[in-house]
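This report describes selected features of a protein model and is intended for a reader beginning the study of structure. Please examine the sequence and the structure shown below before reading on.

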Amino acid sequence: MSMTLYHGEPNGPSFTVLAALFEKSLKAELIRIDLAAGQRHSLPCAQQAEVAMSVEGEGPVLVVDDEGMADSVFVACYLDDIGHGPALRPADAYGRWETMTWCRQLIERAAPAAAYLGCKAHPPRADAAMLARIGSVDLRNRWEEMSAGVFAPEKLADSAAKITQAVEKIEARIDGRDWLMGPFTIADLESYAWLAGMVRVVPAAFAGKPRTAAWMERVKSRPAIVRVLALASLPDPAASWAPGPEINRWG
Amino acid sequence: MSGVILYHWEPNANSGKPMLALMEKGVAFSSHYLDLLGFDQHKPEYLAVNPQGTIPAMKHGNLVLTESTAIMEYVDEAFPGPRLMPKDPRDRWRIRWWMKFMDQWLAPSFSMIGWSVFIGPAVRSRDPEQLKAAIERIPLPERRVAWRKAIYGLFSEEEMKESQRRVAVGIRMLEDALSKREWLGSDQYSLADVNGFNLAYALPLSQPKLSSDDLTPNIMRWLRAIYARPPTKACWAMGRTAMVKRVAILEQPHIGQEPAA
């Protein structure tokens with residue numbers, strides 16, 4: 001079985017999937033695409049439902065037997081299932097519930113906030129022809145708004161608050177342990193993926209959070225993560241953003 | 001005894017997911033019914049179990065679990081009984097993909113329509129001061145917004161139109177997926193089907209212009225196949241409201257397309 005991974009800069013969801021791939025000692029053909037230019041929408045599998053309608057927005061796509069797989073946490077679970085070495089989810093059912101619940105709440109709250117703030121600070125730039133290819137109407141609307149520089153002040157403020165809450169949650173969780181779930185897991189990968197780029201965008205959220213800072217250093221110094229970050233083609237991959245999951249429409 | 005207490009509302013949407021998963025696994029549980037329309041989920045007794053005030057929650061011994069889809073994965077792993085996740089890792093990915101798509105994209109749109117036509121009107125006529133106090137007791141700010149919109153009918157035309165658009169897109173996607181595989185995302189009955197049934201069991205009644213045996217034969221085949229399972233029958237028999245009894249529509253052998261108005 002051969003795998004191809006179309007990925008962006010090692011930040012956000014691309015970070016999670018690259019990290020899971022390397023942590024699990026798996027091989028895939030790595031093809032870099034510019035997510036911030038909408039290049040995911042010109043992939044051969046772009047119109048498959050699970051790629052076109054991924055709730056994650058612009059993220060990496062793992063192709064296995066012509067099937068495009070999107071949504072970084074679940075792709076990471078897949079790589080965890082097929083790969084080698086230590087598991088990226090706890091061994092017991094409750095620990096796995098905690099991991100999935102952590103990721104779900106992060107995906108729903110911090111990830112849309114990070115993508116919104118990240119795109120405001122580092123605007124994506126897709127041309128009209130690329131925008132026309134986007135299969136999901138609501139994702140295309142997010143692209144159009146962001147390309148036009150339309151960012152609602154109340155959404156920016158709410159997003160900054162969500163980042164602060166996410167960091168507070170990590171700071172509380174890391175008390176007396178190295179990793180969020182005890183053992184190193186996908187929750188560490190996904191949390192780092194969305195928050196690393198926020199250190200410069202929402203510095204106040206990280207001020208006076210020594211345990212979070214130390215946790216980020218531990219993530220960064222893992223051998224697999226060093227390899228992931230070495231794939232960057234920009235001086236600061238954490239400054240690369242594209243429209244992500246949408247901010248909750250209601251309740 | 002399994003030591004499981006489930007705090008739930010009707011077999012519908014999020015509450016119904018762990019209810020049906022437990023019943024499929026044959027896990028006996030102690031049922032703790034919360035009346036969503038009576039705001040039981042925001043009362044101190046329940047907030048002591050789940051401080052976020054969201055339904056459902058499950059106790060297993062000393063453990064407390066929330067988030068309905070994650071609870072279902074726990075139930076599948078922690079108890080014996082038929083496996084509700086396939087062995088194949090790619091099938092597992094697809095099932096999780098569909099559950100997230102439903103939980104975070106499609107269900108909120110169904111829900112906005114349901115809250116605007118069912119939940120809001122059901123509680124709107126109560127004492128305004130009591131309603132105001134009930135809203136203020138809601139712990140999560142997002143849920144406070146949702147209830148305020150439902151109770152006071154504040155959904156904008158644009159929001160409702162967007163929800164209806166998403167419902168139409170989602171129904172087409174489900175029909176396509178179920179034309180390729182017997183079950184949602186795999187060839188085996190799984191948590192994605194449990195999840196999807198909770199979302200779609202009354203589809204031909206709630207969206208007659210978009211779903212019927214003529215328009216969506218695969219969705220109808222799928223809904224009837226799930227409804228035919230004894231755990232589904234037992235689960236829906238626990239329902240108390242007219243909303244849930246709409247499931248009986250699936251007993252009709254053929255539901256034709258509603259004539260255009």
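## A buried residue in a loop

Phe29(B) counts as buried, because its relative accessibility is 16% and the limit for a buried residue is under 20%. The model discussed here is predicted. Phe29(B) is placed in the loop between helix H1 (13-25) and strand S2 (30-33) of chain B. Although Phe29(B) and Gly3(B) are 26 residues apart in sequence, their C-alpha atoms are 7.1 Å apart in space.

## One face of helix H6 of chain A

Helix H6 of chain A spans residues 137-147, and its buried residues are Asp138(A), Leu139(A), Arg142(A), Trp143(A) and Met146(A). Why do these residues line one face of the helix? Seen down the axis of H6(A), the buried residues fall within an arc of 150 degrees, so they line one face. A general property of helices is relevant here: an α-helix has 3.6 residues a turn, so residues three or four places apart point the same way.

Both chains contribute to the cover over the buried residues of H6(A). From chain A, this cover includes helix H4 (93-121) and helix H5 (128-133). From chain B, it includes helix H4 (89-124) and helix H7 (157-180). After H6(A) comes Gly149(A), which has a positive phi, near 75 degrees.

## The interface between the chains

How many residues does the contact take from chain A and from chain B? Chain A gives 39 residues and chain B gives 44 residues. The area buried between the two chains is about 3,700 Å², and carbon and sulfur atoms give 57% of that area. On the side of chain A, Trp97(A), Arg249(A) and Trp250(A) lose the most area to chain B, together 23% of what that side buries.

The interface also contains charged and polar pairs. The rule finds 12 salt bridges across the interface of chain A and chain B. Glu142(B) forms a salt bridge with Lys162(A), in which the closest N and O atoms are 3.6 Å apart. In addition, 18 residue pairs are found in polar contact across this interface, with both residues at pLDDT 80 or more.

Which elements of chain A give two or more residues to the side that touches chain B? They are helix H2 (49-52), strand S4 (67-69), helix H3 (72-82), H4 and H6. The largest share of this side, 11 residues, comes from H4(A). By class, the side of chain A that touches chain B has 18 nonpolar, six polar and 15 charged residues.

## Unusual backbone angles

Most residues other than glycine have a negative phi, and most peptide bonds are trans. Two residues of the model that are not glycines have a positive phi, as the table sets out.

| Residue | Phi | Location | Relative accessibility |
|---|---|---|---|
| Asp66(A) | positive, about 70 degrees | loop between strand S3 (61-64) and S4 of chain A | 66%, exposed |
| Ala13(B) | positive, about 50 degrees | helix H1 of chain B | 36%, partly exposed |

A further feature concerns a peptide bond. Is the peptide bond from Ile55(B) to Pro56(B) cis or trans? This bond is cis, with omega near 5 degrees. Pro56(B) itself lies in the loop between helix H2 (44-47) and strand S3 (57-60) of chain B.

Technical notes: Residues numbered from 1 in each chain as written. Chains lettered and ligands numbered in written order. Predicted model: local features only at pLDDT ≥ 70, side-chain atom pairs only at ≥ 80, totals over all residues. Heavy atoms only, no water. Buried < 20%, exposed > 50% of the residue type's maximum accessible area, 1.4 Å probe, protein only. Helix = DSSP H or I, 4+ residues; strand = E, 2+ residues; numbered from the N terminus. Arc of directions from axis to C-beta. Contact = heavy atoms within 4.5 Å. Buried area = accessible area lost by both parts, 1.4 Å probe. Salt bridge = Lys/Arg side-chain N within 4 Å of Asp/Glu carboxyl O. Polar contact = N/O pair within 3.5 Å; in protein donor to acceptor, adjacent residues only side chain to side chain. Nonpolar A, V, L, I, M, F, W, Y, C, P; charged D, E, K, R; others polar.
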